[in-house]
Amino acid sequence: MEIRAAGAQLVSCSENIDETPSGLLMHGIMSSIAEFYSRNLANEVAKGMLQKVQSGGTVGKAPLGYLNARRVENGREARVVDLDPVRAPLMRWAFETYATGEWTIRKLLQELTERGLTAPATRSKPEKPIAVSHFNRLLRSRYYLGEVRYQGVWYPGTHEPLVDIQTWTRVQEVLDAHDRSGEKERKHQHYLKGTVWCGTCGARL
């Protein structure tokens, strides 16, 4: 429509496409073929990604504590996920420490940053500290249990877990408790503090 509005017309040198009825028909057919190819390709990609996660593979970039790698297996190159030798121990310690209920997110992240936990560098960005909101999401991720997620569903993964189910569950309980009460800096923190209320006056204990 824009071409016609400009007073010009479309003429293809390689296909029989012009402003004649047969040319417009050919243009419509080729447009439909191109749309079918694009949609079919997207469907095949999605199918391949689903098959990968169902087999335990990781789709996309692995989270903090892991490294995407390539390995030759049986003469074929395979994409795998290995433990990050620097960040994996720190993330494991993060789960185990936060599960005690004695740390706030900010204090724990500050300690981890001092110990060297950073977001890895990319081609365009250097290493940088981790944002509190991102760190919170990491502690919620089941990937550290050894699972992989695709389209909202978690599947057993082939990568090595960093935390056991008991510790991970405890971390979720502490996070939930802090979400309800709001985290406060205390010398002696307990994950139930701020969640208990007086039945008489309604004040928070």
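Here are three short exercises on the predicted model above, each with a worked solution.

Residues count from 1 along each chain as its sequence is written. Local features need pLDDT of at least 70, side-chain atom pairs count only at pLDDT 80 or more, and totals for chains, interfaces and linings use all residues, while side-chain values use heavy atoms, with hydrogens and water left out.

**Exercise 1.** Work out where Thr167 sits and whether it is buried or exposed.

*Solution.* Start with the element: Thr167 is part of helix 6, residues 165–181 (helices are DSSP runs of H or I, at least four residues, numbered from the N terminus). Next, check the surface: the relative accessible area of Thr167 is 16%, so this residue is buried (under 20%; exposed is over 50%, with a 1.4 Å probe and protein chains only). Finally, leaving out residues up to four places away in sequence, Thr167 touches Phe95, Glu96 and Ala99 (heavy atoms within 4.5 Å).

**Exercise 2.** Find which helix gives the most to the largest nonpolar core.

*Solution.* First, the core itself: it has 32 residues, and Met91, Phe95 and Tyr98 are among those with the most contacts inside it (a core is a set of buried Ala, Val, Leu, Ile, Met, Phe, Trp, Tyr and Cys residues joined through side-chain atoms within 4.5 Å). Then the winner: helix 3 gives the most, with 6 residues.

**Exercise 3.** Decide how the buried residues of helix 4 are arranged.

*Solution.* List them: Ile105, Leu108, Leu109 and Leu112. They span an arc of only 95 degrees around the axis, so they lie on the same side of helix 4 (the arc is taken over directions from the helix axis to the C-beta atoms). Now flip the helix over: exposed Arg106 and Glu114 are on the face turned away from the buried side. As for a partner, Phe135 touches Ile105, Leu108, Leu109 and Leu112, among others.

Methods. Helix = DSSP H or I, 4+ residues; strand = E, 2+ residues; numbered from the N terminus.
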